[in-house]
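Here is a walk through one protein model, written for someone who likes to check things against the coordinates. Have the viewer open and follow along.

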Amino acid sequence: MKFNPFVPNGIAYPGMFIGRLDEIQTIEQALFQTLNGNPQHLLLTGERGIGKSSLLFYADLVARGEIEDDHTNFNFITVSTDLAGISSQVGLIKQVARELRSKLRQHQKLQDKARKVWEFLSNWEVLGVKYNARDDELDPDELLDDLVTICDQLIGSEQFDGVVFLLDEADSPPAAANLG
């Protein structure tokens, strides 16, 4: 009998990934392709408690270069967030933008970009809209365009290999959030 180290709402550390070589190689291959101008998308699916969130944690470490793959040491900025509790597309964009801002704050050279993200988040609720505006009063297409522009500027800075978005609990938001 074998012990399952993966439990709901808990993260197993990289040394626990016995028998996940295919998944690990797929993640590393996707990052390598993205690094070389061919962005990849991955979807991890499976039963509750089999290690999907732990695998995302591993992907985060590899993407940031804290764990080297066999051939490449990646230097992506990672935006890793949990989508449980998200109920709208605007809420989804805000959650991703908040995590991006948090990550930018960790890099001294990117303080100016972090300020731009903060202004971006603040402007959603200031420009002609009440401070406590409901998400359905904001234009999600405009917000998404602004977020993409910020990511483009970040990638253009050449301080990172790119931006990796790791979205956990992606099955939680309703269809109205337009995650797809």
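## Helix 2 and its surroundings

Helix 2 is largely enclosed by the rest of the structure, because 9 of its 12 residues are buried. Keep in mind that this is a predicted model. The buried set runs through Ser54, Leu55, Leu56 and Tyr58, and then takes in Ala59, Asp60, Leu61, Val62 and Ala63. And what lies over those residues? The cover includes helix 1 (21-35), strand 1, helix 3 and strand 2 (163-168).

The helix geometry checks out too. With 12 residues at 1.5 Å each, helix 2 should span 16 Å, and its end C-alpha atoms are indeed 16 Å apart. Just past the end of helix 2 comes Gly65, with a positive phi of about 85 degrees.

## Charges around the end of helix 2

Under the cut-off of 4 Å between a side-chain nitrogen and a carboxyl oxygen, the count is 3 salt bridges. Asp60, Arg64 and Glu66 are tied together in a network of them. Arg64 pairs with Asp60, where the closest N and O atoms sit 2.7 Å apart, and the side chain of Arg64 also meets that of Glu66, at 2.5 Å from N to O.

How buried or exposed are the members of this network? Asp60 has a relative accessibility of 7%, so it counts as buried. Arg64 is at 30%, which makes it partly exposed, and Glu66, at 54%, is exposed. If you colour the model by accessibility, you can follow the network from buried Asp60 through partly exposed Arg64 to exposed Glu66.

## A salt bridge inside helix 3

Another salt bridge joins Glu99 and Lys103, with the closest N and O atoms 3.9 Å apart. Both residues belong to helix 3 (residues 89-105), where they are 4 residues apart, about one turn of the helix. Glu99 and Lys103 are both buried.

In general terms, side chains of opposite charge can pair when their charged atoms come close.

## The loop before strand 1

Between helix 2 (52-63) and strand 1 (77-82) there is a loop, and Thr72 is found in it. Is Thr72 buried or exposed? Its relative accessible area is 15%, so under the 20% cut-off it is buried. Setting aside neighbours within four places in sequence, Thr72 is in contact with Phe32 and Leu35.

Now for the aromatics. How many aromatic pairs turn up in the whole structure? The search finds 1. It is formed by Phe74 and Phe76: the ring centres are 5.8 Å apart and the planes make an angle of 40 degrees, so the pair is tilted. Phe74 is buried, with 1% relative accessible area, and Phe76 is buried as well, at 2%.

## Two nonpolar cores

Which residues touch the most other members of the largest nonpolar core? In this set of 16 residues, they are Ile77, Leu100, Leu147 and Leu154. Strand 1, helix 3 and helix 5 (140-156) are the elements that give two or more residues to the core. Helix 3 gives the most, with 6 residues.

There is also a second core, separate from that one, with 13 residues that include Leu55, Leu56, Ala59 and Phe74. Some of these names have come up already: Leu55, Leu56 and Ala59 are among the buried residues of helix 2, and Phe74 is one half of the tilted aromatic pair.

## The whole chain

Zooming out, the protein has 5 helices and 2 strands. Read from the N terminus, the order of elements is α-α-β-α-α-α-β. The protein has 180 residues, and 38% of them count as buried.

What share of the contacts between residues at least 6 apart in sequence join residues at least 24 apart? That share is 67%. As for the surface, the accessible area is about 11200 Å², and 49% of it belongs to carbon and sulfur atoms.

Technical notes
Residues numbered from 1 in each chain as written. Predicted model: local features only at pLDDT ≥ 70, side-chain atom pairs only at ≥ 80, totals over all residues. Heavy atoms only, no water. Buried < 20%, exposed > 50% of the residue type's maximum accessible area, 1.4 Å probe, protein only. Contact = heavy atoms within 4.5 Å. Areas by Shrake-Rupley, 256 points an atom, 1.4 Å probe, with all protein chains shown as cover. Phe/Tyr/Trp six-rings, centres within 6.5 Å; stacked < 30°, edge-to-face > 60°. Core = buried A, V, L, I, M, F, W, Y, C linked by side-chain atoms within 4.5 Å. Expected span 1.5 Å × (residues − 1).
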